[in-house]
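Good morning, and thank you for the time. I would ask everyone to turn to the sequence and the model that are about to appear.

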Amino acid sequence: LLFLSETGGKDRRSGLILTIPLCLEQTSMDELSVTLDYLLSIPSEKCKARGFTVIVDGRKSQWNVVKTVVLMLQNVVPAEVSLVCVVKPDEFWDKKVTHFCFWKEKDRLGFEVILVSANKLTRYIEPCQLTEDFGGTLTYDHMDWLNKRLVFEKFTKESTSLLDELALINNGSDKGTQQERERSIDLNFLPSVDPETVLQTGHELLSELQQRRFNGSDGGVSWSPMDDELLAQPQVMKLLDSLREQYTRYQEVCRQRSKRTQLEEIQQKVMQVVNWLEGPGSEQLRTQWGIGDSIRASQALQQKHEEIESQHSEWFAVYVELNQQIAALLNAGDEEDLVELKALQQQLSDVCYRQASQLEFRQNLLQAALEFHSVAQDLSQQLDGLLGMLCVDVAPADGASIQQTLKLLEEKLKSVDLGLQGLREKGQSLLDQISNQASWAYGKDVTIENKENVDHIQGVMEDMQLRKQRCEDMVDVRRLKMLQMVQLFKCEEDAAQAVEWLSELLDALLKTHIRLGDDAQETKVLLEKHRKFVDVAQSTYDYGRQLLQATVVLCQSLRCTSRSSGDTLPRLNRVWKQFTVTSEERVHRLETAVAFHSTAEKILQECPDQPEAFNEMDQFDEIEAVGKSLLDRLTVPVVYPDGSEQYFGSPSDMASAAEHIREKMKLVSLKKQQLRQPEATTPES
């Protein structure tokens, strides 16, 4: 009987097919009758009017059971049944059928009964309307249909009960005075089942009905449902509409009650917040006026203020929550509560904003004080560092280190200037805030506290200004001294450079100034160039002497002894004496060479037929003596005052110069011989 069902198939008259599977076990006719009554109650009247085709599956049952079931149909559903198909075993009932012929009883039964084999059932019903048990193709899962039917029955029962409860609650809230309504709501406030759960169940059921498919229990079998009337889709929709209507009214009742309760709670909480902020909260701020005299003191005051802020934050959180609740109630738009809610909101906002402003002002004041003391401490450390640098005597190694030290000193002084400027800005900002402190003093005279704070700030700034001025005076003195030291080092370096330059000039004189010229004109040009060269050396020597004199003056001013001037002056004098001796030797050689070339050129340019040529024979002796003297001088080194010797150029250079002089002496000697020959031949003639 568990599987007695309407499969959803239809006969050729569009009537529903009712399948009664019988088994070998004993069949209870009472249970069968009850089940049939239930199944026949499902379809609509329109559907019932088309009649039923009943399939009695007796293949696994006995004949007397089948006969009893057929006869019972006469009593249970005679009007609705149009055809009964009894599915028989293949050969089991052949002899017994003659004892009771259903077709002869059609008028008495009210419907036609036929005996048919399972494979011949398609003669009366289309295969697409038969399940697989009877050789058809209609997909049907009886357990799935039964489960869905149970869901429908449960939903119908719960929704009907819930509708009665909601109607009672809603109707009770619409009657009597407000107190009576509240008492009625108190007695029937909660339904026995959750409306949301019932509505969700109904929507899920309706969704499945509208999809016109059910999923089988095995996950792969699907069954096309029967008509909407069989699955009660209109009933579900009607119940859902009624539930939504009553539930909406119920929610409104709950909302009104909740709003009244919430309004009372809000009033109570608002007064709690206002009383605390205007009482203990304000008293805490009245006792906090100082700004501290150091970083540590300001930090301690900040920590204390943070504790006060922490206590206020708890009440501010309550304020935010209350403000949101009031805003939500105002958005609801109930005219009777708008005035009261706005008054509460305004009162709460005024108190909270005033207290928050005072907390913020105090926090900003303490932060400004902390920044002021931080800048003051940094500036004090900078001044200490600058003073320590100024108290240490300067003993640099060279001018570059002095310049670096001077640059560092200027940077520190500039940093101090910036620090003092920052301190003044922070101090003035702090003084401005203190001057505004009396605006929220709750009537308390804060003149004494403010005067102490102002005196402290001004005292710190004046002290830093005096310390900075003292350091500036010391920096000016140190700067002058260091600039003199830079000048001293520069003079010493330049004097040493002058000695080097003079040494290079001496070296160039010895190594490159070796030519004596090929004629008198060239020799004179070399002599003129040498004089200019000597002038350059003289200027270099004078420049070095002036620098060394300047170092003496600077050392006397700085009260120190020069580290290098004592050695530089002897070096300068020694090199200059060597240059002077070498230069004089060079001048003597060039002047001798000029005399030699001039006389030689004069003799060589004269003609033999000139009478005066015979009277100047003594010039040949003179030029020979000058040439020999010049040649001897080329082989002699330059002897310095300290006994050291130096040669001009290399031996090959001197040999080349000597060779040129010898060649010219040969020409002069040849000229002398030419002049003597005419003198010898004249007496003979």
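Are Tyr247 and Tyr250 buried or exposed? Both of these tyrosines are buried. I should say at once that we are looking at a predicted model.

Let me stay with this pair for a moment. Tyr247 and Tyr250 sit 3 residues apart in helix H8 (residues 233-286), which is about one turn of the helix. An α-helix has 3.6 residues a turn, so residues three or four places apart point the same way. The ring centres of Tyr247 and Tyr250 are 6.1 Å apart and the ring planes meet at 25°, so the pair is stacked; planes under 30 degrees apart count as stacked.

Helix H8 also contains Gln246. With a relative accessibility of 14%, Gln246 counts as buried, because the limit for that term is under 20%. If we set aside its neighbours within four places in sequence, Gln246 is in contact with Leu163, Leu166, Ala167 and Asn170.

Next, the chain as a whole. The chain has 685 residues, and buried residues make up 41% of them. Its secondary structure comprises 16 helices and 9 strands. Of the contacts with a separation of 6 or more, 81% are between residues 24 or more positions apart. The chain exposes about 37600 Å², with carbon and sulfur atoms supplying 51% of that area.

I turn now to helix H7, which covers residues 195-211. At 1.5 Å a residue, its 17 residues should span 24 Å, and the end C-alpha atoms are indeed 24 Å apart, so the two values agree. Which residues of H7 are buried? They include Pro195, Val198, Leu199 and Gly202, and further along Leu205, Leu206 and Leu209. These residues cover an arc of only 130° around the axis, and therefore lie on the same side of H7.

Let me move to the charged side chains. Side chains of opposite charge can pair when their charged atoms come close. How many salt bridges does the structure hold? The count is 19, and I shall describe three of these pairs.

The first pair to discuss is Glu472 with Lys468, a salt bridge in which the closest N and O atoms are 2.3 Å apart. Both residues belong to helix H12 (residues 447-512), where they are 4 residues apart, about one turn of the helix. Glu472 and Lys468 are both buried. They are also part of a network of salt bridges that links them with Asp417.

Another pair joins Asp494 to Lys490, with the closest N and O atoms 3.6 Å apart. Because Asp494 and Lys490 are 4 residues apart in helix H12, about one helical turn separates them. The two partners differ in their exposure: Asp494 is buried, with a relative accessible area of 18%, whereas Lys490 is partly exposed at 46%. What does Asp494 touch, leaving aside its neighbours within four places in sequence? Asp494 is in contact with Tyr543 and Leu547.

The remaining pair I have chosen is Asp518 with Arg515, whose side chains meet in a salt bridge at 3.9 Å, N to O. Asp518 counts as partly exposed, at 40% relative accessibility, and Arg515 likewise counts as partly exposed, at 41%.

To finish, I return to the aromatic rings. The structure has 6 aromatic pairs in the count. We have already met the stacked pair of Tyr247 and Tyr250. How do Phe533 and Phe579 pair, given that their ring centres are 5.9 Å apart and their planes at 40°? The pair is tilted, because only planes under 30 degrees apart count as stacked and only those over 60 as edge-to-face.

Phe533 and Phe579 link distant parts of the chain: Phe533 lies in helix H13 (residues 520-558) and Phe579 in helix H14 (residues 565-605), with their positions 46 residues apart. Phe533 and Phe579 are both buried. Ring pairs also draw Tyr541 and Trp576 into a cluster with Phe533 and Phe579.

I am happy to take questions.

How values were computed. Residues are numbered from 1 along each chain as its sequence is written. This is a predicted model: local features need pLDDT of at least 70, side-chain atom pairs count only at pLDDT 80 or more; totals for chains, interfaces and linings use all residues. Side-chain values use heavy atoms; hydrogens and water are left out. A salt bridge is a side-chain nitrogen of Lys or Arg within 4 Å of a carboxyl oxygen of Asp or Glu. Helices (H or I, at least four residues) and strands (E, at least two) are DSSP runs, numbered from the N terminus. Buried means under 20% relative accessible area, exposed over 50%, partly exposed in between (1.4 Å probe, protein chains only). Contact means heavy atoms within 4.5 Å. Accessible areas come from the Shrake-Rupley method with a 1.4 Å probe; for residues, only the protein chains shown count as cover. The expected span of a helix is 1.5 Å times one less than its number of residues. The arc is that of the directions from the helix axis to the C-beta atoms. Rings of Phe, Tyr and Trp (its six-membered ring) pair if their centres lie within 6.5 Å; planes under 30 degrees apart count as stacked, over 60 as edge-to-face and the rest as tilted.
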